[in-house]
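Biologist: I would love a close look at one part of this fold, and then a walk outward from there. Could you take me through it slowly, with the reasoning where there is some?

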Amino acid sequence: MTRRIEEFPKPVIVAVNGLAYGGGCEIIEAAPLAIAAEHATFAKPEITLGFPPPFGGSQRLPRHVGRKRGLEMILTGDPIPAARAAELGLVNTVVPADALLEAGKDLAGRIIRHAPTAVAACLRAVTRGVNLPIDEGLAVEAACFAATVPTDGVRTGLRRFLAGRAWAVRCSAVRAVAHLGAVRRGRTRGCRRSVGRATARGADWCGRRWRAAPRVPLGAPVAAVK
């Protein structure tokens with residue numbers, strides 16, 4: 001099961017609201033993201049039963065927190081609080097218990113606003129490349145990047161970026177013209193007020209033009225964005 005969680009093409013977010021001992025801790029190690037409530041605790045107690053971690057804990061935990069810190073947890077079986085788990089990198093963040101699910105939903109929302117193909121590619125590149133030598137990891141990254149190039153997510157993202165840059169350049173030009181006009185008129189004492197008023201008018205003009213601009217349909221060439 002931990003292997004399936006680790007290789008799942010969508011990011012699994014674990015919300016820990018209590019004990020994460022043994023197999024529970026190994027699920028957290030396999031998941032790409034984890035959030036814990038303040039009262040949560042984590043432990044590797046298998047050694048107290050006479051056997052080592054059986055579901056990847058002896059391999060994933062040292063990769064997450066470092067060899068010595070991982071061995072301390074594995075060899076002692078001692079529990080650690082949520083704050084310490086966050087310090088070690090076992091979880092992303094710690095929140096109050098009543099905010100746990102909302103924090104998980106917020107994290108998910110910040111992810112799903114991006115193209116699904118990009119999310120899957122990023123997840124695949126990190127999961128497959130993190131334990132490889134750097135040259136092999138870079139090859140995995142290049143392959144994941146190449147797989148996203150022909151997708152709608154890349155085309156849409158580039159159109160939005162270029163459209164935003166075009167409007168930013170136009171608005172910057174309006175502000176620059178306003179500043180030069182104030183300087184050429186020699187208004188030294190009232191220069192800042194003039195520039196401020198002109199900049200506000202320029203920003204208002206940019207906003208009106210943006211709202212009135214035609215939206216480029218999905219699949220249109222980048223040259224259509226003006």
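Which residue follows helix 4, and is its phi positive or negative?

Modeller: Happy to! Please keep in mind that this is a predicted model. The residue that follows helix 4 is Gly77, and its phi is positive, near 75 degrees.

Now step back into the helix itself, which covers residues 67-76. Gly70, Met73 and Ile74 are buried there. Because these three cover an arc of only 95 degrees around the axis, they lie on the same side of helix 4. Turn to the other side of helix 4 and you find Lys68, Glu72 and Leu75, which are exposed. What do the buried residues of helix 4 pack against? Their partners are two strands, strand 4 (41-43) and strand 5 (80-81), together with two helices, helix 3 (57-65) and helix 5 (82-88).

From the helix, let us move on to a sheet. This one is open, has 3 strands in the order 1-3-6, and pairs them in parallel. Strand 1 (13-16) and strand 6 (93-95) each have a single partner strand, so they stand at the edges with one side lacking a neighbour in the sheet. From one strand to the next, the twist averages 25 degrees. Helix 6 (residues 100-112) packs on this sheet, where it touches strand 1, strand 3 and strand 6. The direction of helix 6 makes about 160 degrees with that of strand 3.

Strand 3 (residues 33-37) deserves its own paragraph. On one flank, strand 3 is joined to strand 1 by 4 bridges, the two running parallel; here Ala15 stands opposite Ile35. Strand 3 also pairs with strand 6 in the parallel sense, over 3 bridges. In that pairing, Ile35 has Thr93 as its bridge partner, while Ala37 is matched with Val95. How well covered is strand 3? Mostly covered: 5 of its 5 residues are buried. Leu33, Ile35 and Ala37 point one way and Ala34 and Ala36 the other, yet all are buried.

You may also wonder about the cysteines. In general, a disulfide is a covalent bond between the sulfur atoms of two cysteines. Counting a pair only when the sulfur atoms are within 2.5 Å, the model has 0 disulfides. Take Cys122: the closest cysteine sulfur belongs to Cys144, and because it is 8.5 Å away, it is too far for a bond. With a relative accessible area of 53%, Cys122 is exposed, whereas Cys25 is buried, at 0%.

One last stop is helix 8 (residues 134-148), which holds Ala139. This alanine has 47% relative accessibility, so Ala139 counts as partly exposed. Its C-alpha atom is separated by 8.6 Å from that of Gly129, a residue 10 positions apart from Ala139 along the chain.

To return to your starting point: helix 4 has a buried side with Gly70, Met73 and Ile74, an exposed side with Lys68, Glu72 and Leu75, and Gly77 following with its positive phi.

Notes: Residues numbered from 1 in each chain as written. Predicted model: local features only at pLDDT ≥ 70, side-chain atom pairs only at ≥ 80, totals over all residues. Heavy atoms only, no water. Buried < 20%, exposed > 50% of the residue type's maximum accessible area, 1.4 Å probe, protein only. Arc of directions from axis to C-beta. Contact = heavy atoms within 4.5 Å. Pairing = 2+ DSSP bridges. Axes fitted to C-alpha atoms, helices over the stretch in contact; angles between N-to-C directions.
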